[in-house]
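Q: I have a two-chain model open and would like to talk it through before going back to the bench. Could you take me through it piece by piece?

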Amino acid sequence: MADLNLSVIYDSIFGGLSGSDDGGTGFFDTILINGITYGDIVGAGIILIGTLIVAKVFSGIVNRMFTGKIEKNNIIFVQKLVRWVIYFIGFLVMSPLLHIDFSGLMVAGGIVAVAVGFASQNTLSNFVAGLLIMFERPVSISDNIKINGTQGYVEDIGLMSTTLRTYEGIYVRVPNETMFTSDITNYVAHVARRFQYLVSIRYSDDAAKAIEVIRGVIDKHPYALKSPSPDVYVDELGAHGVNLVVRIWSPSGYWWDARKDLLWKIFKALRAADIDIPFEQLVIWEGKDTINAADQGPEDEFAYPETATPPKMNRDDAAKQVDRG
Amino acid sequence: MRITRSRTARDKIPVSVPVPENAGEPAEDMPFFNYGAFSFDYAINFSRLSISIEQKLDMYHYHRELGKWKRDTNVSVKEGRMLLHPVEPLYLPEAVTDYLEIRFDEVMIEPRGTSILFLTFPIEIGVFIQASGVTSILDVVSFKTPKYSLYGNANRGVITRWHKSGVFSYPPRVRNYLEGVLRLQIENTTDDWINVSRAVIHEKGMQVYFDEHFVSMAAEMVITPGGTAAVTGVARPLHEGMTRSLRMYEPRRSASFSNAAGSLIDSTFIMDAGLT
């Protein structure tokens, strides 16, 4: 029935050329080979030209649709894919004119299709994930990303997999299905990012002066952004010193350069201002060899009599006392 | 002098502002950098900057020093010339961004009013080499330390080359190797008073001009309702007789720095993340 309908359609379209059923005797009805007439050849040629034109038009549409959205290589791949699908359809349309019978291949083709479907399940899922990634675009080529514990630069985004170059220069291939279903950290998706230092100074140093010095260094650095402005503040009175937190915004592509460069400059500027990093200190009190009159004062430690000396020792002095002891 | 020259859209008569007699004229003791075209044997020793091209056998050797910052390049050319032009200040230390942001003291623009401000902008000096009619950039140097900033937020903003300027109602005296003069025309198309203290200009619209005393650029800002403004660089010299600088503009490939806060329409940048 299907064949009958198809032949009816073909007759309506190409009847004028082939006229095989009504026994025409024109040039186009002249059999060339294996029952194929000149009319069939001309019809096939028209379909071929039409297929090529349609493929070219669709290829251009794909190009316009995806330009700027996905990588150029992938656009070319999708264009080829679309083109070959159209060629295949064109060939199927053309096949009755060339007297090619696919009915024998149908059953075998179905079995093969099922087998191929099972075998290529992962491949297809990677392919579909690849297409979805192209639309969602969580990463771009040259982005600095982290996925499943692997950090590196995106080298290529293919339809089946994405390749990374780790900081050590190692090639890593990540299937697109993994890319699509995993958490991705993209370090450069935003134009700017913040990094921070923890800078300790001695208790004897002036924290306000240290903050001023640090701000001065940051202000001179090109990649330390003016806005959002850097933040420098006393964060903690630590066991060994006063801890300052230094927060700096930088262009995403240059934050590492700034981070590498600034810390040492901050240290040198602090040293130049006679502000130093504290060494770790541990003060041990042994027996009665304690500070001084503090333990002889009244019980209320918040109300020292005028004659008594409150314990003003700082940690450096205490350390010296231990050394002398 | 921090007075804006203001006029309404309906009444184009400029508001009278006191302008010094020598406004726009350089101070006598101010050294000026010579921009222009020079033969290879022309050597520059200006302030801390020295530039020379010496012939060594069949090759020329370009040498530049600015303090500890040096550059040496061998140039294979039979004959040609060197051009020193002020260029868009967006190439040092690297071509990080296409946007120049100028912060200035806040100016209130009257409803439906137009104001012309003169601001300063940083200068980078481009050293070009020209032979057989083809010009190529050889070096870029600057006396100014660059500083970058973020206009908008990290998610949807642009990195800008940041510069702080005074506000002048006439072209200020500036050292032509450090800063240029930007003529910024601000038009307030809204029915409200608008405060403005920054302008973000895309490099595509920047056209730098120079003469023996001045380096200049011009831009127009049209403030629209909603607190947004369209800023466009325009090709307009400060006065007649100025030479148009060679351009270095190339669209940056890095997509990371082009997710603009507003949008870029040709050379017009829409400032939609605040005018102050």
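**Strands, interface and odd backbone spots**

A: Let me start in chain B, where F104(B) has S165(B) of β13(B) as its bridge partner. Please keep in mind throughout that this is a predicted model.

Q: Fine, so how many bridges join β8 to β13 in chain B, and do they run parallel or antiparallel?

A: Strand β8(B), residues 99–109, and strand β13(B), residues 157–165, run parallel and are joined by 6 bridges. β8(B) is also joined to strand β15(B), residues 194–202, in this case by 8 bridges and in the antiparallel sense, and within that pairing I102(B) has A199(B) as its bridge partner.

Q: Which strands form the open sheet with β2 in chain B?

A: That sheet has 4 strands in the order β2-β7-β10-β11 of chain B, with antiparallel pairing. Its edge strands are β2(B), residues 36–39, and β11(B), residues 134–141, each of which pairs on one side only. On average, neighbouring strands in this sheet are turned by 30 degrees against each other, with direction ignored.

Q: And what joins β2 to β7 there?

A: There are 4 bridges between β2(B) and strand β7(B), residues 81–87, and the two run antiparallel; S39(B), for example, has R81(B) of β7(B) as its bridge partner.

Q: What about the hairpin further along, how many residues sit between β20 and β21 of chain B?

A: The hairpin of β20(B) and β21(B) has 2 residues between its strands, and D266(B) in the turn has a positive phi of about 55 degrees. β20(B), residues 264–265, is joined to β21(B) by 2 bridges in antiparallel fashion, with L264(B) opposite F269(B). β21(B), residues 268–271, also pairs with strand β18(B), residues 228–234, through 4 bridges in the antiparallel sense, and there T232(B) stands opposite T268(B).

Q: Switching to side chains: how many salt bridges over all chains?

A: The count comes to 13 over all chains. One salt bridge is formed by the side chains of R64(B) and D139(B), at 2.7 Å from N to O. R64(B) lies in strand β5(B), residues 59–66, and D139(B) in β11(B), so this pair ties together parts that are 75 residues apart in sequence.

Q: And how many salt bridges across the interface of chain A and chain B?

A: Across that interface the rule finds 0 salt bridges, while 10 residue pairs, both at pLDDT 80 or more, are in polar contact between the two chains.

Q: What area is buried between them?

A: About 1,600 Å² is buried between chain A and chain B, and carbon and sulfur atoms give 63% of that area. The contact takes 22 residues from chain A and 19 residues from chain B.

Q: Which elements give two or more residues to the chain A side?

A: They are α7(A), residues 207–220, and β10(A), residues 242–251; the largest share, 3 residues, comes from α7(A). The residues on the side of chain A that touches chain B divide into 13 nonpolar, 5 polar and 4 charged.

Q: Where do α7 and β10 of chain A sit relative to the sheet?

A: α7(A) lies across β8, β9 and β10 of chain A, and runs at about 145 degrees to β9(A). Those 3 strands form an open sheet in the order β8-β10-β9, with antiparallel pairing. β8(A), residues 192–201, and β9(A), residues 231–237, stand at the edges with a single partner strand each, so one side of each is left without a neighbour in the sheet. Between β8(A) and β10(A) there are 10 bridges, and these two strands run antiparallel, with F195(A) having I248(A) as its bridge partner. Helix α8(A), residues 255–272, packs on the sheet as well, touching β8 and β10 of chain A, and its direction makes about 25 degrees with that of β8(A).

Q: Last topic, where are the cis peptide bonds you would point out?

A: One joins S227(A) and P228(A), with omega about 0 degrees, and P228(A) is found in the loop between α7 and β9 of chain A. Another joins L92(B) and P93(B), with omega about -5 degrees, and P93(B) is placed in the loop between β7 and β8 of chain B.

Q: What is the phi of S142 in chain A?

A: S142(A) has a positive phi of about 85 degrees although it is not a glycine, and this residue is found in the loop between α5 and β3 of chain A. Most residues other than glycine have a negative phi.

How values were computed
Residues are numbered from 1 along each chain as its sequence is written. Chains are lettered from A and ligands numbered from 1 in the order in which they are written. This is a predicted model: local features need pLDDT of at least 70, side-chain atom pairs count only at pLDDT 80 or more; totals for chains, interfaces and linings use all residues. Side-chain values use heavy atoms; hydrogens and water are left out. Contact means heavy atoms within 4.5 Å. Buried area is the accessible area (1.4 Å probe) that two parts lose on being put together, summed over both. A salt bridge is a side-chain nitrogen of Lys or Arg within 4 Å of a carboxyl oxygen of Asp or Glu. A polar contact is a pair of N or O atoms within 3.5 Å; within protein, one must be able to donate a hydrogen and the other to accept it, and residues adjacent in sequence count only if both atoms are side-chain atoms. Ala, Val, Leu, Ile, Met, Phe, Trp, Tyr, Cys and Pro count as nonpolar, Asp, Glu, Lys and Arg as charged, and the others, Gly among them, as polar. Two strands pair if DSSP finds at least two bridges between them. Axes are lines fitted to C-alpha atoms, for helices over the stretch in contact, and angles run from 0 to 180 degrees between N-to-C directions.
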